[in-house]
Amino acid sequence: MRSTLPPPVVIVPGLRHHVPDHWQTILADGLAAAGRDVRTVPPLTGDDDQIDCEARVAALEETVSRAPGPPILVAHSAGVMTTVHWALRTRLPVHGALLATPPDFDTPLPEGYPTPEALRQKGWAPTPRTALPFPSIVAMSDNDPLADPKRVSEMAAAWGSSLIGLGPVGHLNPGAGYGPWPQAEELVRELEFG
């Protein structure tokens, strides 16, 4: 018998974890207030774990395994990379995934971010280029300092994801002025209803 409940939502944050004024936090709070089952991958505690791909993949696996059904994943930044690495390993079903502004971990990032060598050593590179086993939407910025739009388009194509352009939204984070991102809820609905 098919459940009448909407799919749970799992929020997959980036390397900066939980920021109160981040659109993912605002989305999670709004969906939960509307009665939706929303879970967020918890922050990692050890300093070494902060950029450890395996630790982040394990945390996502644990969170999804506790969800009451196949979830819609809502990933941002390094959370997208966590999701695509996890998708290669998991056997858990997923309803769909919103993958917002993925960084390009195969090329140097701006100062203040991990180096390509550090990311390689921690298991992030090379970026998986395998089709995801669930429907997905990649939301791309025209001026993301962490990824060139051409590279994001190539990743989306390799993952079998639909690609939507957001215009010049930077990295779609509070530093770029986001806060609320109402389109996220629309995209979650699109993934829910196909």
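Which helix does T63 lie in? Select T63 and you will land in helix α2. Keep in mind throughout the tour that this is a predicted model.

**Stop 1: T63 and its surroundings**

With T63 selected, turn on the surface for a moment: T63 has a relative accessibility of 8%, so it counts as buried, the cut-off being under 20%. Now show the side chain and look back along the helix to A59. The backbone oxygen of A59 sits 2.9 Å from a polar atom of the T63 side chain. Next, bring up what T63 touches beyond its neighbours within four places in sequence: these contacts are V10, R39, T40, V41 and P42.

**Stop 2: α2 against α3**

Stay with α2, and colour its whole run, residues 53-65. Then add α3, residues 78-87. How do two packed helices get described? By the angle between their axes and the distance between the axes. Here the angle is about 75° and the axes of α2 and α3 are 9 Å apart. An angle from 65 to 115 degrees counts as roughly perpendicular, so that is the term for α2 and α3.

To see the contact itself, show side chains on both helices. On the α2 side, select C53, R56, V57, L60, E61 and V64; on the α3 side, select T82, T83, H85 and W86, which they meet. Colouring this contact by residue class gives five nonpolar, three polar and two charged residues.

**Stop 3: S77, just ahead of α3**

Follow α3 back to its start and select S77, in the loop that joins β3 (72-76) to α3 (78-87). Check the backbone torsions here: phi of S77 is near 55°, a positive value in a residue other than glycine. Most residues other than glycine have a negative phi. Is S77 buried or exposed? S77 is buried, with a relative accessible area of 11%.

**Stop 4: L172**

Now jump to L172, in the loop between β6 (162-165) and α6 (183-193). Its phi is also positive, near 55°, and L172 is again a residue other than glycine. Switch the surface back on: L172 has 0% relative accessibility and counts as buried.

**Stop 5: the peptide bond before P126**

For the last stop, select A125 and P126 together and display the backbone atoms. Is the peptide bond from A125 to P126 cis or trans? This bond is cis, with omega near 5°. Most peptide bonds are trans. Zoom out a little to place P126: the residue belongs to the loop between α4 (116-121) and β5 (136-140).

Key: Residues numbered from 1 in each chain as written. Predicted model: local features only at pLDDT ≥ 70, side-chain atom pairs only at ≥ 80, totals over all residues. Heavy atoms only, no water. Helix = DSSP H or I, 4+ residues; strand = E, 2+ residues; numbered from the N terminus. Buried < 20%, exposed > 50% of the residue type's maximum accessible area, 1.4 Å probe, protein only. Axes fitted to C-alpha atoms, helices over the stretch in contact; angles between N-to-C directions. Parallel < 35°, antiparallel > 145°, perpendicular 65-115°, else oblique. Contact = heavy atoms within 4.5 Å. Nonpolar A, V, L, I, M, F, W, Y, C, P; charged D, E, K, R; others polar. Polar contact = N/O pair within 3.5 Å; in protein donor to acceptor, adjacent residues only side chain to side chain.
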